[in-house]
Amino acid sequence: MNYEPVIGLEIHVELKTKSGMFCGCPADHFGKTPNTGTCPVCLGLPGALPIPNKKAVEWTIMLGLALGSTVSEVSKFDRKHYFYPDLPKGYQISQYDQPLCRGGKIETSQGTVRIHRVHLEEDTGKLQHAMVDGKKVTLVDFNRSGVPLVEIVTEADIHSADQAKEFLKKLHQIVRYLGISDADMEKGSMRLEPNISIRKVGETALPPYKVEVKNINSFRFAAMAIEYEIKRHATILESGSIPAQETRGWDEAKNATVSQRSKEEAADYRYFPEPDIPPLRFTRGYIEGIRQSMPLLPDERKQKIVKEFGLNEQQATVLIDDERKLNLFESTVLSNAVVSAGISGATVANWIINKVADYGVATTQQVAADIVESQKITVIDESELQNVLATVISSNDKAVADYKKGKQQSLMFLMGQVKRQIPKGNTQQILDALKAALDTQ
Ligand code: MN
């Protein structure tokens, strides 16, 4: 039986604001001593009141604008309740029915993926399962709880693991170019959750179940988890059953997904409006101001370098992959050294793609100097050239004799011997002089 995967994605992105979502604690929690970046607000102590982080709201709107979403003129926060000790309040401040942004899309080579919504919430603390005094215990670090977290939810428009990967890479790039998050997958500042189901080819209704795979930390694992689930669902459907609606996790050691719990319905969360934060209202002017302050997006910068510097699609794709690489290209191609030497954009692009090892370390000045040097053709001093030719001819009798008999290969061999001694020499100049010298032998 042929099946078509139906996949939606939920992506959580930690914003790199200075302070927390609702308090003044540092948002940068990575590698800090546990529970040092906390206060009564993010610990949910009685009487503490949350105050929304203006920058986090602005950046979420900016991301929505970059995705082509409609920004809500009125938005609000809600409490999402669940029983798990990673948030001390017993609920997460999130957004339910009035998210900051709705709609939008990202184009992939396999079709448009529509965005359902973009909302803002707070991150949770981290649990650590450990042994203390010979006892199995769970330790809680609240440094991460209350860090601004954007959630992006797509429609179920994705139909393959490859398409999911392409979408995720594009989203990752957009977030990085906007400068609103490190989106570092290894540190968990971007976390991926595919919702997967499959249906018979030709069916158009959404399947009667879906499986969510939680907190995946790489594009590759996301693709592997999707492939794994597609096969698993097909086997269950073939046996006449329907896969269980549940939340699963990706087990890196087993290269498999494992069941975690049955999936909650929205009603289980007992959402209600956060009474301590009044609704947010935005004027058109405020939203336009954010749009004006937006940097160019990856696709726009790609078109720009293709048009302005005559790059091909492939070069441009490689360069925009990492903004540091792109910035290095732009600064080098416009540097005085490169411009005055008349070196083409394509040459600079190839050099940066193939010869620069570390984009974080390389400086424009050094890279420009290297490229100019590589393009230099030295006109060699005639007497120096004659000396080298004489040496090469006198020490390669056989090749000279072979050349005299009409063996072209020998000419190339002799040419190679000369070039070894004067590598930067103008090839045509050397070849002409070599032929002339051989003819007088
Ligand atoms: Mn969430």
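This is a short tour of a predicted model, with a stop at a metal site and a stop at a pair of helices.

**Stop one: the manganese ion**

Start by selecting the manganese ion, then bring up His12, Glu121 and Glu151, its protein donors. The donor atoms to label are NE2 on His12 and OE on both Glu121 and Glu151, and they sit 2.0 to 2.2 Å from the metal. If you like to think in motifs, the spacing of these donors along the sequence reads H-x108-E-x29-E.

Now colour two strands: E1, residues 3-14, and E11, residues 148-154. His12 belongs to E1 and Glu151 to E11, so this pair ties together parts of the protein that are 139 residues apart in sequence.

While you're here, switch on a surface. Are these two residues buried or exposed? His12 has a relative accessible area of 9%, so it is buried. Glu151 comes out at 7%, which means it counts as buried too, the cut-off being under 20%.

**Stop two: helices H6 and H9**

Next, select residues 313-320 for H6 and 345-355 for H9. Their axes are 10 Å apart and meet at an angle of about 45°, so H6 runs oblique to H9. Rotate the view to look at the crossing, which is left-handed.

To see what fills the contact, show side chains. From H6, pick Gln315, Val318 and Leu319; from H9, pick Ala346, Ala349, Asn350, Ile352 and Ile353. Colour them by character and you get six nonpolar residues, two polar ones and no charged ones.

Methods
Residues are numbered from 1 along each chain as its sequence is written. This is a predicted model: local features need pLDDT of at least 70, side-chain atom pairs count only at pLDDT 80 or more; totals for chains, interfaces and linings use all residues. Side-chain values use heavy atoms; hydrogens and water are left out. Donors are N, O and S atoms within 2.8 Å of the metal (3.2 Å for Na, K and Ca); water is not among the atoms, so sites may look incomplete. Helices (H or I, at least four residues) and strands (E, at least two) are DSSP runs, numbered from the N terminus. Buried means under 20% relative accessible area, exposed over 50%, partly exposed in between (1.4 Å probe, protein chains only). Axes are lines fitted to C-alpha atoms, for helices over the stretch in contact, and angles run from 0 to 180 degrees between N-to-C directions. Angles under 35 degrees count as roughly parallel, over 145 as roughly antiparallel, 65 to 115 as roughly perpendicular and the rest as oblique. A crossing is left-handed if the near helix is turned anticlockwise from the far one by less than a right angle, and right-handed if clockwise. Contact means heavy atoms within 4.5 Å. Ala, Val, Leu, Ile, Met, Phe, Trp, Tyr, Cys and Pro count as nonpolar, Asp, Glu, Lys and Arg as charged, and the others, Gly among them, as polar.
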